[in-house]
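Trainee: Could we go through this one together? I'd like to see how each label is earned.

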Amino acid sequence: MSATDLMDKLVSLAKRRGYVFQSSEIYGGTGSVWDYGPLGVELKRNLKDRWWSSMVHARDDIEGLDAAILMHPKVWEASGHVEGFTDPLVECTSCHRRFRADMPEVENGQCPTCGAKNAFTEPRLFNLMFKTFMGPVEDSSATVYIRPETAQGIYVNFLNVQGSARQKVPFGIAQIGKAFRNEITPGNFIFRTREFEQAEMQFFVKPGEDEAWFEQWMELRMQWHLDLGIRKEKLRFHEHGPDELAHYAKKAFDIEYDFPFGWKEFEGIHNRTDFDLSRHQEFSGKRLEYIDAPTNERFVPYVIETSMGVDRTALVVLADAYREEEVDGDTRVVLALSPQIAPIKTAVFPLVKKDGMPEIAGKIDADLRAAAIPSFYDQSGAIGRRYRRQDEVGTPWCITVDGETVEDGTVTVRDRDTLEQERVAADQIVAWVRDHVNVN
Ligand code: GAP
């Protein structure tokens, strides 16, 4: 399957089965933002919950935060975004479309839209922050920015969180939330959009201990993706060269995935030094120092940041899970999603619509839902087709109530990946599924 084929198939499956829809589709769509449907919203929530439990619940040295999207405009002056959060932009003088100057086609001198040769204007720097006005007066004193990263909400709350949670350096603050960037060329489905979600964690350390913590966080974050079942050969680190480093970073590594359109970043690990806290100290006039208890030593902590794009990670797991297999002369499409993040965990079927099977199956489905296990009941069509529909959306287990169930109270549980079937007592299904979601 070619790379374009795979992307087309993913986009089409995502729409058909309720993972991702184009935003405002009935108006022709916006192209640069997407809506998550019933299955997509579950997938994203599962990714975020898994990230939150590994960062905040499983560790006693990271606290959670939910800072507002709109912040004081000086935040973005201090952070360097007003001055430096720019991409070089060129305009084609033939079709008047605008592009990032560093796109390969543009560098080769050909317009990606109309094909005109060497018709670009000189590059100019374009700031990616969205601006709006706060309050009823639309003048420059009311300008606010819609945050392009969640990190700044963490820095300005550093002392609030440290003091209220009685944390000692080293410790971290984690946050999940929306970020917005007026990207010049969004694209590749949910890969580069103008509205997206980030799961970011800022880890505050003593200067001098930053490099060791950086190594540790690189390892932990890569392991997190491997534990999600992403194929190892499709993941790699990419170290930023001097020309790639963001204005705040001393050192940065991307975690990249081998997408159908090439190796691309979906998480960044950055050593931001004391850049952000020092700048906020300077611009706000408030001290943002930490006082080390036994020695009374004062210092502005260094920050190691891990910044995962939730939408890009959703694309990673979808692309990595997509398989087409030959089974009994038929092609079956499977999303081999890890059970931890699969939107639906179980589908329950009566083999036929008689002999009390629908009632038993309906009760199993209700028991699973009551135990907060997302389940789906389906009694329509041939059993093979019902299996295929669930394979395509990534449901790990199909539970079938058949003649034997009526006699001995057991059901078959079919595994999406191995296609093996085992018999399990119907009254043990909830416990069986709970065990298997955690084990896998
Ligand atoms: N706070 C640091 C920061 O924002 P970044 O490398 O610019 O660093 C971090 O962004 C992550 O956010 C990226 O790895 C990516 O997954 C996600 N991201 C950034 N821009 C995006 C966009 N336009 N669309 C979707 N995700 C994006």
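Trainee: Which residues is Thr306 in contact with, leaving aside its neighbours within four places in sequence?

Mentor: This is a predicted model, so everything here is computed from it. Thr306 has contacts with Met55, Ala199, Glu200, Met201, Trp217, Arg221, Glu267, Gly268 and Ile269. Thr306 itself sits in strand S16, residues 302-309.

Trainee: What makes Thr306 buried or exposed?

Mentor: Its relative accessible area is 0%. Buried means under 20%, so Thr306 counts as buried.

Trainee: And why is Asn127 called partly exposed?

Mentor: Asn127 comes out at 23% relative accessibility. The partly exposed class runs between the 20% and 50% cut-offs, so Asn127 falls into it. Asn127 lies in strand S6, residues 124-127, and touches His81, Val82, Phe85 and Thr86, not counting residues up to four places away in sequence.

Trainee: How far is Asn127 from Met1?

Mentor: They are 126 residues apart in sequence, and 38 Å apart in space, C-alpha to C-alpha.

Trainee: Which class does Ala165 in helix H7 get?

Mentor: Ala165 is partly exposed: its relative accessibility is 30%, again between 20% and 50%. From Ala165 to Gly229 there are 64 residues in sequence and 34 Å in space, C-alpha to C-alpha.

Trainee: Let's do a helix. How do you know that the buried residues of H9 line one face?

Mentor: Start with who they are: in helix H9, residues 275-284, the buried ones are Asp276, Leu277, His280 and Gln281. Looking down the axis of H9, they fall within an arc of 135 degrees, so they line one face of the helix.

Trainee: What do the buried residues of H9 pack against?

Mentor: Three helices and two strands, if you go down the names: helix H3 (73-78), helix H6 (151-155), helix H7 (158-165), strand S10 (195-205) and strand S13 (262-273). Just after H9 comes Gly285, with a positive phi of about 75 degrees.

Trainee: What makes a positive phi worth a remark when the residue isn't a glycine?

Mentor: Most residues other than glycine have a negative phi. Asp328 has a positive phi of about 50 degrees although it is not a glycine. You'll find Asp328 in the loop between strand S17 (322-327) and strand S18 (330-335). Asp355 is another non-glycine with a positive phi, about 55 degrees, and it is in the loop between S19 and helix H11 (357-370).

Trainee: Are Asp328 and Asp355 buried or exposed, and how do you know?

Mentor: Asp328 has 77% relative accessibility and Asp355 has a relative accessible area of 54%. Exposed means over 50%, so Asp328 counts as exposed, and so does Asp355.

Trainee: Why is the peptide bond between Val169 and Pro170 called out?

Mentor: Most peptide bonds are trans. The one joining Val169 and Pro170 is cis, with omega about 5 degrees. Pro170 is in the loop between H7 and strand S9 (171-180).

Trainee: On to the rings. How many aromatic pairs does a search of the whole structure find?

Mentor: It finds 17. One of them is Phe349 with Tyr387, at 5.7 Å centre to centre and 55 degrees between the planes.

Trainee: Why is that Phe349 and Tyr387 pair called tilted?

Mentor: Set the values against the rules. Centres within 6.5 Å make a pair, and here the distance is 5.7 Å. Stacked needs under 30 degrees and edge-to-face needs over 60, with the rest tilted, so the 55 degrees of Phe349 and Tyr387 makes them tilted.

Trainee: Which parts of the chain does the pair link?

Mentor: Distant ones: Phe349 is in strand S19 (residues 346-350) and Tyr387 is in helix H12 (residues 383-393), 38 residues apart. Phe349, at 0% relative accessibility, counts as buried. Tyr387 is at 10%, so it counts as buried too, given the 20% cut-off.

Trainee: Which residues form an aromatic cluster?

Mentor: Phe191, Tyr257, Phe259 and Phe261 form one.

Trainee: Finally, what share of the whole chain is buried?

Mentor: Buried residues make up 49% of the 440 residues. The chain has 14 helices and 23 strands.

Definitions and conventions: Residues numbered from 1 in each chain as written. Predicted model: local features only at pLDDT ≥ 70, side-chain atom pairs only at ≥ 80, totals over all residues. Heavy atoms only, no water. Helix = DSSP H or I, 4+ residues; strand = E, 2+ residues; numbered from the N terminus. Buried < 20%, exposed > 50% of the residue type's maximum accessible area, 1.4 Å probe, protein only. Arc of directions from axis to C-beta. Contact = heavy atoms within 4.5 Å. Phe/Tyr/Trp six-rings, centres within 6.5 Å; stacked < 30°, edge-to-face > 60°.
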